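Reader: I would like a close look at one position in this model, followed by a connected account of the packing elsewhere in it. Please take the residue first and move outward from there.

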Amino acid sequence: MVAHLVRLKLLLLRNTLRRSPAALVGMGLGVLYGGGILVLVLVGLVSLRFLPDLEPSRTALTLGGAFLVLAWAVVPVVAFGTDPTLDPNRFATFAVPERQLAIGLAAAGFIGLPGVATTLLVLATFVTWSRGVLPLLGAVVGGALALATCVLLSRVITAAASTLLSSRRGRDVVAVLGFVALVGLAPALSVGGSFELTLADLAGVTTVVGWTPLGWAWAAPADLADGLLLTGLARLVLAGALVAVLLLLWQRQLVTAVHDPRSSARDAGATESGIGLLGRLPGTSLGAVAARSAIYWRRDPRLGFPALITTLFPAGLLFAWHLGGSELALVAMPLASAYMLGWGQHNDVGYDSTAFWLHVASAVDGVSDRLGRLFPSAVLGTICLPVYAVVGAALGDRWDLLPATLGAGAALLLAGFGVASVTSALKQYPVPGPGESPFRTPPGGAGITLVVQAVVGLAVLLLALPALALGALAWFGHAWAAWVALPVGVATGIGAAVVGVRVGARLFERRMPELLQDLVRVR
Amino acid sequence: MTGGPQTPSPATASGTGPGIGSGTDPALRIRGLRKQFGQTVAVAGIDLDVPRGSFYGLVGPNGAGKTTTLSMATGLLRPDQGSVHVLGTDVWADPVAAKARIGVLPDGLRLFDRLTGLQLVVYAGLLRGMDRDDVVQRAGELVAALGLDDAADKLVVDYSAGMTKKVTLACALVHGPRLLVLDEPFEAVDPVSAKTIRGILSRYVEGGGTVVLSSHVMDLVERICTDVAIIAGGHVRAAGRLDDVRAGASLEDRFLDLVGGSTDVKGLAWLHTSSD
């Protein structure tokens with residue numbers, strides 16, 4: 001059964017790539033992006049074998065390995081999502097034994113670029129530990145356990161996160177936790193940042209990490225190479241227990257999903273009397289699109305969660321300021337916020353999925369659609385940009401830079417709106433469908449996403465360049481530039497937004513049926 | 001408007017009178033329509049005239065090209081070749097004017113299902129540029145007429161398949177179109193709801209509107225349609241008044257005649273054994 005599921009996954013991947021050249025391109029780009037780094041790391045792992053000293057191997061593998069496990073746990077949640085092709089819900093009607101389904105679906109998680117890369121890394125550690133029979137054995141067992149930990153952990157965490165986010169209350173909990181974490185981390189980091197990290201500290205960190213669940217499997221071979229037989233065995237036993245616990249958790253989540261397939265990722269039983277926001281915004285098609293967008297940002301985790309990240313992320317720069325004391329981080333805070341919010345909706349039509357037909361059948365005019373969709377981002381932008389700008393200026397006591405950050409921020413935000421209006425009328429790349437977990441990316445989607453975002457982000461930066469340049473001048477002490485940046489930023493931003501919305505609207509009206517077909521095809 | 005729930009009569013939004021008599025163009029005229037997906041020809045040159053005031057049934061086996069034809073007729077899918085006119089307006093040359101006269105119920109496409117039923121119908125009306133007070137009143141009446149009162153404040157994602165069809169029909173009706181194009185409107189709809197929908201559609205046609213619907217339930221088409229076209233393999237095999245197409249036989253027999261295909265089942269003997 002396990003082999004059967006892995007084969008199914010391979011078959012699905014092959015058919016997706018055959019059906020969609022875009023996914024193939026995405027995968028190719030993924031190989032190019034990651035391949036170079038991977039080769040470097042592999043060479044490093046092999047060369048560690050020939051160092052006479054054991055310590056570098058221990059440090060590099062324990063810390064690197066723990067980081068890898070952490071990446072498997074965190075990256076799907078904050079960035080790319082997991083692959084939805086083997087959704088547990090789809091097995092609801094088949095009588096597959098639960099344990100086998102759990103193992104099979106986890107094993108199928110290796111099919112894909114991250115899985116292949118991680119497997120190669122683990123194979124390379126066998127070379128690193130080929131100093132003797134015992135370390136090699138430890139590396140093989142530890143490597144296998146580490147691989148299992150990676151895949152199971154990512155499954156367990158994304159499943160838990162999407163269950164949490166699927167209810168309104170869960171989303172509120174996440175939002176509150178996010179704020180608490182931000183507020184709480186700042187003092188913790190200011191303490192942590194006050195001493196310098198030395199090589200000796202690194203050894204200490206390695207010891208600590210080696211005894212955390214993230215490091216057990218990776219630290220064991222070093223003990224065996226060191227002759228610490230019992231310590232090594234203890235770590236391997238702990239790593240094995242971790243895998244067993246994760247498997248048990250994953251199996252339990254699967255059972256819930258399979259027994260109640262409708263419960264995943266939905267706001268069960270939500271109601272709203274009357275027409276809500278549709279009755280409060282202007283009663284035009286523009287107002288309707290704006291109201292619908294805003295309602296969706298509130299009710300749909302696929303939109304709400306990224307909005308939350310985008311809103312809170314710039315506050316993370318406070319740590320950089322705390323640690324490094326650089327006022328540049330404070331200045332960058334409003335700019336990062338404006339930049340991220342500006343072009344955040346560059347793929348907005350994709351989130352409508354095929355429900356977009358209603359816009360096509362109604363022949364809604366392009367300007368209403370373009371402007372209406374931007375409403376939630378515009379609201380967030382008009383709050384976040386001034387707040388971050390003023391907070392940054394107050395904390396760093398750099399009120400002289402405030403007009404510059406506001407001007408450059410306005411340029412980034414509005415240019416982003418312009419670019420997003422054009423791109424979301426051009427072509428949509430695949431996103432998780434309505435009701436699916438926000439942590440899912442169709443195969444090949446990650447590569448395309450990276451390329452599109454790089455191009456779109458670059459376009460925004462270019463459009464905002466005049467204001468950014470003036471802002472840079474102000475930063476380097478030319479006080480007049482700060483006051484010039486404000487009108488220049490606002491003017492170039494408005495110009496870019498007006499042109500972008502116009503062009504986007506014309507494209508949109510012409511290409512509505514084609515956009516719908518794109519969405520029908522990726523469904 | 002006071003009193004009980006009413007079905008909106010066609011053409012109240014556009015202000016012009018009911019369809020009959022205000023022109024000679026057919027409600028829907030399709031000429032040489034063709035669509036190919038990759039190597040597969042879905043629609044291979046279809047001509048069709050839907051007279052005003054008719055209740056037109058489109059029947060055909062699965063994969064015959066019904067949905068593709070209806071999508072192209074309503075401006076959702078761009079044809080490779082051919083033309084579509086709705087009441088004399090070219091759908092692909094002047095989509096805005098043409099779409100204002102059409103109400104659509106597509107099959108197999110999603111809805112904005114995070115809205116409540118009432119919100120969705122209001123949204124559909126507002127997208128059409130209607131006055132909000134007007135939309136809210138009509139949406140309320142439609143929801144009541146379709147028996148969705150209790151569910152009006154629930155999210156559409158929690159609706160059953162039949163309720164989803166009904167709320168989509170409300171979206172198609174809210175702007176008072178003169179032509180209704182419905183793809184499989186009775187699929188997954190229970191008998192009571194089907195009767196409600198049939199009643200609304202009949203009154204709509206009596207009021208001068210035109211309905212085009214696709215179905216593969218022959219009995220139903222025979223019962224409610226005045227005209228019928230049989231489509232198979234991307235071609236129209238027969239079209240015209242129901243009685244002319246039937247030519248004395250039942251629609252189902254005529255359909256099987258034209259479409260071909262054996263109804264004999266071979267094999268499957270194991271399915272009939274009750275041994276375990």
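Where does A:A389 lie?

Author: The model is a predicted one, and every value below should be read with that in mind. A:A389 lies in helix 17 of chain A, the helix that covers residues 366-396. With a relative accessibility of 3%, A:A389 counts as buried, because the cut-off for that word is a relative accessible area under 20%. Once its neighbours within four places in sequence are left aside, the residues in contact with A:A389 are A:P334, A:L402, A:T405 and A:L406. The C-alpha atom of A:A389 is also 7.3 Å from that of A:V331, although these two residues are 58 places apart in sequence.

From that position one can turn to the aromatic side chains, of which the search of the whole structure finds 4 pairs over all chains. One of them joins A:Y339 and A:W343, whose rings are 5.7 Å apart from centre to centre and whose planes make an angle of 70°, an edge-to-face arrangement. The two partners differ in accessibility: A:Y339 has a relative accessible area of 22% and is partly exposed, whereas A:W343, at 11%, counts as buried. Another edge-to-face pair is formed by B:F112 and B:Y123, with 5.6 Å between the ring centres and 90° between the planes. Since B:F112 sits in the loop between strand 6 (102-105) and helix 3 of chain B while B:Y123 belongs to helix 3 of chain B, this pair ties together parts that are 11 residues apart in sequence. Both residues count as buried, B:F112 at 1% relative accessibility and B:Y123 at 0%. Together with A:Y296, B:F112 and B:Y123 form one aromatic cluster, and the cluster thus leads from chain A into chain B.

Chain B holds 9 helices and 10 strands, and 52% of its 276 residues count as buried. Among the contacts in chain B between residues at least 6 apart in sequence, 68% join residues at least 24 apart.

Helix 3 of chain B, which carries B:Y123, can be followed through its packing against two further helices. Its axis, for residues 117-127, comes within 9 Å of that of helix 4 of chain B (residues 132-145), and the two cross at roughly 135°; helix 3 of chain B and helix 4 of chain B are therefore oblique to each other. The crossing of helix 3 of chain B with helix 4 of chain B is right-handed. On the side of helix 3 of chain B the contact is made by B:L118, B:V121, B:V122, B:G125 and B:L126, and on the side of helix 4 of chain B by B:R132, B:V135, B:V136, B:A139, B:G140, B:L142 and B:V143. By residue type, this contact divides into 9 nonpolar, 2 polar and 1 charged.

The packing of helix 3 of chain B against helix 5 of chain B (residues 161-173) has an angle of about 25°, with the axes 8 Å apart, which makes helix 3 of chain B roughly parallel to helix 5 of chain B. This crossing too is right-handed. Here B:G117, B:L120, B:V121 and B:A124 of helix 3 of chain B meet B:V167, B:A170 and B:C171 of helix 5 of chain B, and the contact divides into 6 nonpolar residues, 1 polar and no charged. B:V121 thus takes part in the contact with helix 4 of chain B and in the contact with helix 5 of chain B.

Helix 1 of chain B (residues 66-73) has 7 of its 8 residues buried, so it is largely enclosed by the rest of the structure. The buried residues are B:K66, B:T68, B:T69, B:L70, B:S71, B:M72 and B:A73. After helix 1 of chain B comes B:G75, whose phi is positive, near 85°.

Backbone angles deserve a last word, for most residues other than glycine have a negative phi. B:L87, in the loop between strand 4 (81-86) and strand 5 (89-90) of chain B, has a positive phi near 50°, and with a relative accessible area of 8% B:L87 is buried. B:E184 likewise has a positive phi near 50°; B:E184 lies in the loop between strand 7 (179-183) and helix 6 (191-206) of chain B, and its relative accessible area of 6% makes B:E184 buried.

How values were computed. Residues are numbered from 1 along each chain as its sequence is written. Chains are lettered from A and ligands numbered from 1 in the order in which they are written. This is a predicted model: local features need pLDDT of at least 70, side-chain atom pairs count only at pLDDT 80 or more; totals for chains, interfaces and linings use all residues. Side-chain values use heavy atoms; hydrogens and water are left out. Axes are lines fitted to C-alpha atoms, for helices over the stretch in contact, and angles run from 0 to 180 degrees between N-to-C directions. Helices (H or I, at least four residues) and strands (E, at least two) are DSSP runs, numbered from the N terminus. Angles under 35 degrees count as roughly parallel, over 145 as roughly antiparallel, 65 to 115 as roughly perpendicular and the rest as oblique. A crossing is left-handed if the near helix is turned anticlockwise from the far one by less than a right angle, and right-handed if clockwise. Contact means heavy atoms within 4.5 Å. Ala, Val, Leu, Ile, Met, Phe, Trp, Tyr, Cys and Pro count as nonpolar, Asp, Glu, Lys and Arg as charged, and the others, Gly among them, as polar. Rings of Phe, Tyr and Trp (its six-membered ring) pair if their centres lie within 6.5 Å; planes under 30 degrees apart count as stacked, over 60 as edge-to-face and the rest as tilted. Buried means under 20% relative accessible area, exposed over 50%, partly exposed in between (1.4 Å probe, protein chains only).
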